[in-house]
Amino acid sequence: MNIIVIGSGLSGLTAAALMAKNGYSVSLFEQHEKIGGVTATIEKDGYRWDWGQMIVPDLGEEESGWKILKELEILDEIEIVKGYRENFYPDFEIRKPPEYSGVYWRKNYFKEIFPEDSKGLDKYYKIYDKIHDIASLSNKSGILAKLKLIFKFLPIMGKKNWSAKELMDYCFSNEKLQAVYTAILADYVASPEEFPGLIIPIINAENQYDERVPLQYGNHEKRSSWHFVKGGYGEIVNALANVIRDYGGNIITKTAIQNIHVEDNKVKSVKTNKGEIIKADIVIASGGARELFLDLIGQEFLPEEFIENHVKNIFTTESVFMVHLGVDYDPSVHQNNAALCYYYFTYDIDASIKECQEKIYHEGKDGLLIYIPSKHSPKMAPEGHHAVTVYTIAPNDPKNGNWEDNKEEWAEKLLDLAEERVPGLREHEQTRLILTPQDFKKRTYLKHHAFGGAVPHLKKSPPPHKTPIDGLWFVGAQSAVFGGVVGAMTSADYVVKQIHAKRGLKGTEKKFQTFSK
Ligand SMILES: Cc1cc2nc3c(=O)[nH]c(=O)nc-3n(C[C@H](O)[C@H](O)[C@H](O)COP(=O)(O)OP(=O)(O)OC[C@H]3O[C@@H](n4cnc5c(N)ncnc54)[C@H](O)[C@@H]3O)c2cc1C
């Protein structure tokens with residue numbers, strides 16, 4: 001049985017590794033010369049940076065990402081370290097207290113600065129705890145978990161179709177406090193009016209702001225953990241690639257799949273950019289939804305409703321503009337020693353999102369983040385030096401200029417703003433690497449780079465993993481998941497399990513049974 005995997009990001013690599021370990025004949029095709037997609041760690045002049053990934057959920061013990069690494073027997077190759085982020089707003093900061101002061105320290109802090117919303121904060125955190133319990137229970141099997149889930153969901157059922165704006169208006173009157181919880185929507189370029197309200201607590205997990213917040217407290221279900229990956233995400237890429245090779249799979253780089261041939265609604269073969277035609281029984285494709293279904297397949301092979309609702313109408317993020325620096329000092333002294341800080345320069349998140357949707361690049365004035373991976377991974381920079389990444393959200397094709405002509409000037413503007421918070425970046429600069437949305441497009445083979453993939457939306461949903469074509473599965477950041485490092489991996493794990501189930505292999509004990517090729 002020939003399995004073709006398209007793309008060597010974490011979704012494609014995970015799918016290929018799981019399939020190869022299960023004894024299938026797997027060939028993974030990557031258009032770029034290097035594997036890893038946006039998780040291929042970059043190296044220059046002795047410094048290492050990721051393409052932008054920072055902190056990830058679900059890699060902690062017994063969590064979804066951890067389980068996949070365990071299945072693949074590569075847990076001991078990946079070192080993780082608990083992570084947190086700090087957020088700075090124009091006139092207040094969310095920084096973890098020197099002495100740990102309980103699960104709800106942020107709530108108490110906000111009550112001090114927004115006393116008018118004290119009751120609203122209590123309301124929000126009741127919803128917060130229910131939503132996190134529901135998220136945890138929905139990953140559990142068994143009748144008790146299902147009953148608990150219903151019990152938790154009933155009181156908030158009336159809010160299930162609320163937008164983020166409705167949730168914010170229900171809880172808070174102060175727009176600055178609303179901005180605290182909706183600021184992250186700027187990353188998704190999703191207006192609070194279109195983003196599902198009940199996802200707000202998930203993307204504002206309290207332990208993301210303080211790694212000392214326990215995962216288990218009170219009568220609540222266990223929460224997801226947040227980690228940095230030591231040495232960068234390329235470590236996961238390499239470990240997965242080794243599994244594929246160890247189990248006899250092929251990884252073919254510098255080769256794009258340009259066509260998937262379908263007959264009688266079933267995949268038959270793929271064609272590469274070199275003109276090679278390769279027989280395929282199953283194709284597991286990552287990458288862009290539009291690129292896969294419109295270009296590689298062709299809409300004439302798919303139901304109109306599927307194309308209209310899930311492909312043409314897919315709601316994805318925009319891109320990022322990024323400056324990587326190698327510096328010969330420790331810039332984290334200016335950000336409370338934190339590796340990761342988000343700096344918001346506006347409370348009007350909605351206006352910022354609308355500007356980006358209209359393809360206007362804000363040149364850093366709305367906000368940026370500074371990430372110093374060498375804080376937790378000293379080997380990412382020469383001794384005594386640091387690797388620093390400064391970046392912000394940016395439209396793919398800005399109305400007010402173009403990336404190639406403006407990148408140097410926009411890098412300086414971004415660093416001007418970054419240095420207002422973290423002085424000395426350019427004075428101590430040893431090396432620099434600028435990445436524009438154009439670079440991301442080339443890396444990902446997308447016409448429209450979407451750094452966060454498909455975004456949860458009240459009215460739009462991305463294509464599901466199981467496509468209408470027999471033998472074709474869709475994984476990765478633009479498939480029916482929220483994206484993210486572990487999201488990409490779990491989408492692949494899900495698909496592999498579905499393929500097993502389809503072949504009559506249900507249940508974990510049969511999971512690693514080897515099939516005839
Ligand atoms: C700047 C940035 C910051 C991020 N921050 C975080 C974070 O902090 N936490 C988190 O959890 N997630 C983060 N993410 C998201 C996460 O990194 C991605 O969702 C995930 O890694 C996507 O994996 P993927 O396999 O779907 O796609 P990709 O990594 O994009 O891989 C797809 C691969 O497929 C190849 N390909 C596509 N089409 C073809 C074709 N036709 N033929 C051959 N090859 C093809 C591409 O070249 C590419 O290598 C971030 C992403 C970015 C870009």
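Start at the side chain of His310: one of its polar atoms lies 3.5 Å from the backbone oxygen of Pro462. This is a predicted model, so read every distance here as computed from it.

**Stop 1: His310**

Select helix α12, residues 304–312; His310 lies in it. Is His310 buried or exposed? His310 is buried, because its relative accessible area is 17% and the cut-off for buried is under 20%. Now show what His310 touches beyond four places in sequence: Glu305, Ser461, Pro462 and Pro463. Pro462 therefore turns up twice, as a residue that His310 touches and as the source of the backbone oxygen 3.5 Å from the His310 side chain.

**Stop 2: the domains**

Zoom out and colour by domain. Domain 1 is built from four stretches, 2–39 + 62–74 + 233–315 + 454–510. Domain 2 covers 103–222, and domain 3 covers 319–444. Put a marker at the centres of domain 1 and domain 3, taken over C-alpha atoms: 31 Å separate them. Then look at where these two domains meet. Here 9 residues of domain 1 are in contact with 6 residues of domain 3.

**Stop 3: the ligand**

Select the ligand and the 37 residues around it. Which come nearest? They are Ser11, Glu30, Gln31, Ala477 and Val485. Go through the polar contacts one by one:

- Glu30: a polar side-chain atom lies 2.6 Å from an oxygen atom of the ligand.
- Val485: a backbone N or O atom lies 2.9 Å from an oxygen atom of the ligand.
- Ile257: a backbone N or O atom lies 3.0 Å from a nitrogen atom of the ligand.

Turn on the surface. The ligand taken alone exposes 1,000 Å², and the protein buries 94% of that.

Next, colour the shell by element. Two or more residues each come from α1 (10–21), β15 (319–327), α15 (437–444) and α16 (485–502). α15 gives the most, with 3 residues. By domain, the shell draws at least three residues from each of domain 1 and domain 3. By residue type, the shell divides into 20 nonpolar, 15 polar and 2 charged.

**Stop 4: Thr272**

Finish in strand β12, residues 266–272, where Thr272 lies. Thr272 is buried, with a relative accessible area of 1%. Leave aside neighbours within four places in sequence and show the contacts of Thr272: Phe29, Thr255, Ala256, Ile257, Gln258 and Ile278. Ile257 links back to the previous stop: Ile257 is in contact with Thr272, and a backbone N or O atom of Ile257 lies 3.0 Å from a ligand nitrogen atom.

Note on methods: Residues numbered from 1 in each chain as written. Predicted model: local features only at pLDDT ≥ 70, side-chain atom pairs only at ≥ 80, totals over all residues. Heavy atoms only, no water. Helix = DSSP H or I, 4+ residues; strand = E, 2+ residues; numbered from the N terminus. Buried < 20%, exposed > 50% of the residue type's maximum accessible area, 1.4 Å probe, protein only. Contact = heavy atoms within 4.5 Å. Near = heavy atom within 4 Å. Polar contact = N/O pair within 3.5 Å; in protein donor to acceptor, adjacent residues only side chain to side chain. Areas by Shrake-Rupley, 256 points an atom, 1.4 Å probe, with all protein chains shown as cover. Nonpolar A, V, L, I, M, F, W, Y, C, P; charged D, E, K, R; others polar. Domains from an automatic or database assignment.
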